[in-house]
Amino acid sequence: MSQESPIPVTILTGFLGAGKTTLLNKLLHDMPNEKAAVIINEFGDTSIDSQLVIRTKEEIVEINSGCICCNVRGDLISLLTDLMKQKEKVDRVVIETTGMANPAPVIQTFLMDEQMADTFEIDSVITMVDAKHIEQHLQEEEPEQQIAFADILLVNKTDLITEDERKQLEAQLTHMNPNAHQFYTTYGNVDTKELIGKKSFDLDYALNINPELLTEPHHHHHHVTSFVFQDERPLDLDKVNKWFAYLVRIKGESLYRYKGVLSIKQMEQKVVFQGVHMLFAGTEGDVWTKDEKRKSEVVIIGKHLDHQELEKGFQYCLA
Ligand SMILES: Nc1nc2c(ncn2[C@@H]2O[C@H](COP(=O)(O)OP(=O)(O)OP(=O)(O)O)[C@@H](O)[C@H]2O)c(=O)[nH]1
């Protein structure tokens, strides 16, 4: 690669909980010799994803407190401007957007001026689709946009659907975006060579679906809200189990994404949990170290959620 070749950029999108972090971990694992600058953006106010991404030697930068396609786009631009000054240190940029991001403004960032366009080159826009929940998610505007702009569609969680459902989904996605290459996966398991270095992003096609791609973005996220609850007092495991059982059973439909780290009384380890609608998983994490402040942190993203009720539920869990 000559000194002047632009730095390839992989944009990873997909609705909340589709499997982006799972795929990102796999990509980083499969590219041990690439110096990748990884940019992760969270919709919520807290940075639980960095605890879920397996640390590698890559530089991982998180942009929180907002969505990459709206209020933190300035942060993305300044990060990229910094990267421009140290081009030799990076072979690739990988951006994981929030599940609520419209990819257009992110794509636009790389096209907005000559210097940006000379320094970076979008390699591909990979959109992960949650095969199990996509029907529900298409009620929102963003998944449709994410699918439309993809040149690679990674249809994930195929273990949770039937063969017939898969065929239907394939027809539907082909109709929504006939240009994209489709892969059907579980846990993002596809040969990394199919995703990286393909230079499959096609600006003309993107402009064709959105002629306003090169003008200023204007949009907002409808009625999807994100709440963060934090407390340094320990929680009671039994109460936590009861609260989650209630949330998942009664509110599962509205819960797009929830995750967190819990400090449980009488437990040396952290409890790390995450879920998408009614699918919930909790595991024991690392032991709290002496230097760490024990603290519970829960992020809940969803539709029609009552902040007070959730707050009350969280408070109930205190030991
Ligand atoms: N059954 C099943 N679960 C999966 C699959 N891929 C990922 N998951 C699980 O789905 C949950 C969400 O995966 P993530 O990789 O965190 O999804 P994400 O898109 O990064 O989520 P956010 O960025 O938090 O919105 C995790 O509990 C994963 O273990 C899959 O193919 N099948």
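A residue counts as buried if 20 or more other C-beta atoms lie within 10 Å of its own, as exposed if 12 or fewer do, and as partly exposed in between, with C-beta atoms placed from the backbone. This is a predicted model, in which local features need pLDDT of at least 70 and side-chain atom pairs count only at pLDDT 80 or more, while totals for chains, interfaces and linings use all residues. Residues are numbered from 1 along each chain as its sequence is written.

**Exercise 1. Getting an overview**

Task: Find how many helices and strands the protein has, and what share of its residues count as buried.

Solution:
- Step 1. Helices (H or I, at least four residues) and strands (E, at least two) are DSSP runs, numbered from the N terminus.
- Step 2. The protein has eleven helices and twelve strands.
- Step 3. Of its 319 residues, 39% are buried.
- Step 4. Two residues are in contact if their C-beta atoms, placed from the backbone, lie within 7 Å. Among contacts between residues at least 6 apart in sequence, 77% join residues at least 24 apart.

**Exercise 2. A covered strand and its surroundings**

Task: Take strand S2 (residues 36-41) and work out how many of its residues are buried.

Solution:
- Step 1. Six of the six residues of S2 are buried, and the strand is mostly covered.
- Step 2. Look at the two faces: Ala36, Val38 and Ile40 are buried on one side, and Ala37, Ile39 and Asn41 are buried on the other.
- Step 3. Now find the partner. Two strands pair if DSSP finds at least two bridges between them. S2 and strand S4 (residues 92-96) run parallel and are joined by five bridges.
- Step 4. Within this pair, isoleucine 39 is opposite isoleucine 95 of S4.
- Step 5. Isoleucine 39 also leads to leucine 79: their C-alpha atoms are separated by 8.9 Å, although the two residues are 40 residues apart along the chain.
- Step 6. Leucine 79 sits in helix H3 (residues 73-85). Because 17 other C-beta atoms lie within 10 Å, leucine 79 is partly exposed.

**Exercise 3. The nonpolar core**

Task: Which residues have the most contacts inside the largest nonpolar core?

Solution:
- Step 1. A nonpolar core is a set of buried Ala, Val, Leu, Ile, Met, Phe, Trp, Tyr and Cys residues joined through C-beta atoms within 7 Å.
- Step 2. The largest one has 64 residues, and Ile107, Val129 and Leu153 have the most contacts inside it.
- Step 3. Strand S5 (residues 120-130) gives the most to this core, namely six residues.
- Step 4. Domain 1 (7-214) and domain 2 (224-316) each supply at least three residues to this core. The domain bounds come from an automatic or database domain assignment.
- Step 5. Leaving out residues up to four places away in sequence, valine 129 touches several others, among them Gly14, Ala18, Ile134 and Leu173.

**Exercise 4. Around the ligand**

Task: Which of the 19 residues around the ligand come nearest?

Solution:
- Step 1. A residue is near a molecule if its C-beta atom, placed from the backbone, lies within 6 Å of it.
- Step 2. Gly19, Lys20, Thr21, Thr22 and Thr186 come nearest.
- Step 3. Helix H1 (20-30) and strand S10 (269-276) are the elements that give two or more residues to this shell.
- Step 4. H1 gives the most, with three residues.
- Step 5. Sort the shell by class: Ala, Val, Leu, Ile, Met, Phe, Trp, Tyr, Cys and Pro count as nonpolar, Asp, Glu, Lys and Arg as charged, and the others, Gly among them, as polar. The shell has six nonpolar, nine polar and four charged residues.

**Exercise 5. Two positive phi values**

Task: Are glutamine 266 and histidine 277 buried or exposed?

Solution:
- Step 1. Most residues other than glycine have a negative phi.
- Step 2. Glutamine 266 has a positive phi near 65 degrees, and lies in the loop between strand S9 (255-262) and S10.
- Step 3. Glutamine 266 is exposed because it has 8 other C-beta atoms within 10 Å.
- Step 4. Histidine 277 has a positive phi near 50 degrees in the hairpin of S10 and S11, which has two residues between the strands.
- Step 5. Histidine 277 counts as buried because it has 22 C-beta neighbours inside 10 Å.
- Step 6. Look at the hairpin itself: S10 and S11 are antiparallel and pair over seven bridges. Of the nine residues of S11, the number buried is zero, so S11 lies largely in the open.
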